[in-house]
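Subject: Structure handover

Hello,

Here is the structure you asked about. Please keep it open while you read the notes below it.

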Amino acid sequence: MIAHLGIKPEPAATKLAEYLLTNRLPITKETFRSALQWLKAADAAEVGLPVIKTMFIQQLPFVKGVFDALFTQSKGEPFHKLLSGFRQQLQDGGAVTRTASKLKQVLDSLHVAKQNQLQQIGLQKLVTTWLNSDSTPEMKSAAFSLLQKTGFVPKGMTESVFLESLVDGAEVRSGIIKNSAIDKLHQGLQLLSEAKGGAFAHVEEIEMAINRILNRHDHEKAKLPIDIHSMQRQNIPAEKLTPLAFHLLQNAFAEAIATNAVGGKIEVNDLIGYLNMDTEQVAESKG
């Protein structure tokens with residue numbers, strides 16, 4: 001058949017001919033040459049051949065533009081990337097018509113909004129997956145690893161060291177919104193910071209004090225109603241405090257998500273800002 005059509009015998013042509021014959025698709029010299037050219041340019045026959053079949057079955061115009069559109073769709077290209085590519089084609093098209101100008105304005109509004117939304121949701125999803133009590137250990141580990149790869153968590157910093165750094169940095173933070181999820185997180189981390197310095201005698205005391213904070217008692221009133229001065233204080237090791245810091249984070253994010261769901265003002269993004277105060281780095285991580 002290839003010889004009959006006057007096509008140069010080569011593996012790509014043979015593969016196309018076999019596919020067309022096997023699927024009983026109509027063959028002409030013109031359609032064969034076009035299909036072969038498109039498949040070579042796409043360099044993905046396993047994806048491109050079914051696209052050729054779709055064009056025949058659905059009786060679509062047998063032109064490169066239709067093939068390219070279906071081929072792109074079959075690859076599952078993200079929508080915001082398709083919009084970006086479309087805008088670039090309009091920009092590279094030479095003379096700008098009134099229609100093209102209007103199209104670019106619409107594409108800009110869609111693309112920027114979609115990209116920002118994806119970036120925002122993506123980082124929030126990673127953080128919440130890491131902190132979600134329903135996540136498996138593998139999911140938590142994978143989410144934290146991706147947070148490291150984005151730079152949101154400094155590369156090489158383990159989870160325990162990251163949590164410890166939050167505890168150590170709690171005292172220097174200011175401007176926290178009172179009676180909010182962030183406020184309770186902040187108070188709890190301050191309390192853990194004091195525990196490292198010997199403000200408590202036992203881990204159990206810290207756990208009870210944190211529970212009082214989570215139940216909306218102020219930090220200063222979170223101490224137990226016992227005379228801790230009469231007990232021997234000790235510096236609680238960091239490995240016993242980091243699980244408590246993680247517990248505080250879990251509660252803060254769960255409350256923030258619940259508040260957002262009913263139209264509350266506390267944004268999950270505010271809590272993300274608490275975990276990493278470097279706004280430029282957070283923006284880069286979102287990207």
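What follows is a walk through the chain, from its overall make-up to single residues.

Overall make-up

Please bear in mind that this is a predicted model. The chain has 287 residues, and 38% of them count as buried. Its secondary structure amounts to 14 helices and zero strands, so if you list the elements from the N terminus on, every entry is an α. Among contacts in the chain with a separation of 6 or more, 58% are between residues 24 or more positions apart.

Helices α3, α4 and α5

Two packed helices are described by the angle between their axes and the distance between the axes. For α3 and α5 the angle is about 40 degrees and the axes are 11 Å apart. That angle makes α3 oblique to α5. On the α3 side the contact is made by Trp 38, Leu 39 and Ala 42, and on the α5 side by Lys 64, Phe 67 and Phe 71. The crossing of these two helices, α3 and α5, is right-handed.

Helix α5 also packs against α4, at an angle of about 125 degrees and with the axes 9 Å apart. This pair counts as oblique because the angle lies outside the range of 65 to 115 degrees for roughly perpendicular and is not over 145. The crossing of α4 and α5 is right-handed. From α4, the residues that take part are Val 47, Gly 48, Val 51, Ile 52, Thr 54 and Met 55. Their partners in α5 are Val 66, Phe 67, Leu 70, Phe 71 and Ser 74.

Phe 67

Which residue is worth a look in both of these contacts? Phe 67 of α5 is listed in the contact with α3 and again in the contact with α4. Phe 67 sits in helix α5 and is buried, at 1% relative accessibility. Leaving aside residues up to four places away in sequence, Phe 67 touches Trp 38, Leu 39, Ala 42, Gly 48, Val 51, Ile 52 and Met 55. One of these, Gly 48, is 19 residues from Phe 67 along the chain, and the two C-alpha atoms are separated by 8.3 Å.

Two loop residues with positive phi

Arg 24 has a phi near 55 degrees, which is a positive value in a residue other than glycine. Arg 24 lies in the loop between α2 (11-22) and α3 (29-42). With a relative accessible area of 77%, Arg 24 is exposed.

Gln 59 likewise has a positive phi, near 55 degrees, and is not a glycine. Its loop is the one between α4 (45-57) and α5 (64-74). Gln 59 is exposed too, at 71% relative accessibility.

Gln 148

Is Gln 148 buried or exposed? It is buried, with a relative accessible area of 18%, which falls under the 20% cut-off. Gln 148 belongs to helix α8, residues 137-150. Apart from residues up to four places away in sequence, Gln 148 touches Val 153, Pro 154, Lys 155, Gly 156, Met 157 and Thr 158.

Helix α14

The last item is helix α14, residues 279-286, where Val 282, Ser 285 and Lys 286 are buried. Seen down the axis of α14, these buried residues fall within an arc of 100 degrees, so they line one face of the helix. An α-helix has 3.6 residues a turn, so residues three or four places apart point the same way. On the face of α14 turned away from the buried side are the exposed residues Glu 280 and Glu 284.

What caps the N-terminal end of α14? Asp 278 does, with a side-chain oxygen 3.2 Å from the backbone nitrogen of Glu 280.

Ala 283 is also in α14, and at 46% relative accessibility it counts as partly exposed. Ala 283 and Phe 152 are 131 residues apart in sequence, yet 9.1 Å apart in space, C-alpha to C-alpha.

To find your way back to the main points, start from Phe 67 in α5, then go to Gln 148 in α8 and finish at the N-terminal cap of α14, Asp 278.

Regards

Key. Residues numbered from 1 in each chain as written. Predicted model: local features only at pLDDT ≥ 70, side-chain atom pairs only at ≥ 80, totals over all residues. Heavy atoms only, no water. Buried < 20%, exposed > 50% of the residue type's maximum accessible area, 1.4 Å probe, protein only. Helix = DSSP H or I, 4+ residues; strand = E, 2+ residues; numbered from the N terminus. Arc of directions from axis to C-beta. Polar contact = N/O pair within 3.5 Å; in protein donor to acceptor, adjacent residues only side chain to side chain. Axes fitted to C-alpha atoms, helices over the stretch in contact; angles between N-to-C directions. Parallel < 35°, antiparallel > 145°, perpendicular 65-115°, else oblique. Left-handed = near helix turned anticlockwise from the far one by under 90°. Contact = heavy atoms within 4.5 Å.
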